[in-house]
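Colleague: Please take a close look at the salt bridges in this model. I would like to know which partners pair, where they sit in the chain and how far they are covered.

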Amino acid sequence: AVPYQASSFARWLEEQVDAYEKLHPRTRVPFVRADVTRDGEGDDVSFACPALEKARADQRPVLLYFGRDDRPELDRGARKQVKAARKFERSTLDSKSAAKVAGGWALLRFDLGDEVHAAFAATFGVETAPALVMVVPDAEGPEVLPARLSGASLAYHLKKHAPE
């Protein structure tokens with residue numbers, strides 16, 4: 001038998017959980033974790049999100065969810081955001097009616113605990129979790145949905161701007 005280090009097993013297990021959560025979202029509305037890269041600094045900063053760019057090129061409506069994952073080193077304000085995000089995910093984003101009309105939408109999830117994701121969120125005016133932003137083709141710009149949104153209200157917005 002080969003002896004194993006508990007720390008290496010714990011690290012492997014965390015990697016497996018992260019990979020599973022990327023493929024199997026926690027909510028009925030199936031958000032997928034998006035990748036964002038930042039280029040430049042200060043006023044010359046630009047962001048690239050391949051999934052968002054592809055959806056825009058395909059003329060698909062996009063719903064961006066800015067949540068916050070729990071981490072042991074979080075301060076009190078961040079812990080409040082984690083708690084609010086979990087509550088939002090268990091209620092609004094777990095709505096059967098919203099999940100039913102989400103077909104055709106590109107559903108992207110971002111973590112405000114990630115520095116790059118937080119800077120990307122700021123370009124939409126989002127500073128705290130949870131937040132939903134709709135990016136609809138032919139609209140003037142992105143629309144930040146109210147923070148206290150019910151599952152039925154989310155279903156209404158998704159249906160109103162649903163792709164044909």
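Modeller: R86 has a relative accessible area of 17%, so this arginine is buried (under 20% is buried, over 50% exposed and anything in between partly exposed, with a 1.4 Å probe and protein chains only). The model is a predicted one, in which local features need pLDDT of at least 70 and side-chain atom pairs pLDDT 80 or more, while totals for chains, interfaces and linings use all residues. Residues are numbered from 1 along each chain as written, and side-chain values rest on heavy atoms, without hydrogens and water.

The partner of R86 is D69, and the closest N and O atoms of this salt bridge are 3.6 Å apart (the rule asks for a side-chain nitrogen of Lys or Arg within 4 Å of a carboxyl oxygen of Asp or Glu). R86 belongs to helix 3, whereas D69 is in the loop between strand 4 (62-67) and helix 3, so the bridge ties together parts that are 17 residues apart in sequence (helices, H or I of at least four residues, and strands, E of at least two, are DSSP runs numbered from the N terminus). D69 is buried as well, with a relative accessible area of 11%.

This pair does not stand alone: R86 and D69 belong to a network of salt bridges that also takes in R33, E89 and R109. Under the same rule, the count comes to eight salt bridges. Two further pairs can be set beside the buried one.

In the first of these, the side chains of D94 and R28 meet at 3.9 Å, N to O. D94 sits in the loop between helix 3 (76-90) and helix 4 (96-100), and R28 in the loop between helix 1 and strand 1 (32-33); the pair therefore ties together parts that lie 66 residues apart in sequence. D94 counts as partly exposed because its relative accessibility is 25%. R28, at 42%, is likewise partly exposed.

The other pair is E115 with R38, whose closest N and O atoms are 3.0 Å apart. Here distant parts of the chain are linked, since E115 is in helix 5 (residues 115-122) and R38 in strand 2 (residues 37-39), with their positions 77 residues apart in sequence. The relative accessible area of E115 is 59%, so this glutamate is exposed. R38 has 31% and is partly exposed. In terms of cover, then, E115 is exposed while R38 is partly exposed, whereas R86 and D69 are both buried.

As for the surroundings, the protein chain has six helices and seven strands. From the N terminus on, these elements follow the order α-β-β-β-α-β-α-α-β-α-β-β-α. Along the principal axes, the C-alpha atoms fill a box of roughly 60 × 40 × 35 Å. Of the 164 residues in the protein chain, 36% are buried, and R86 and D69 are among the buried residues.
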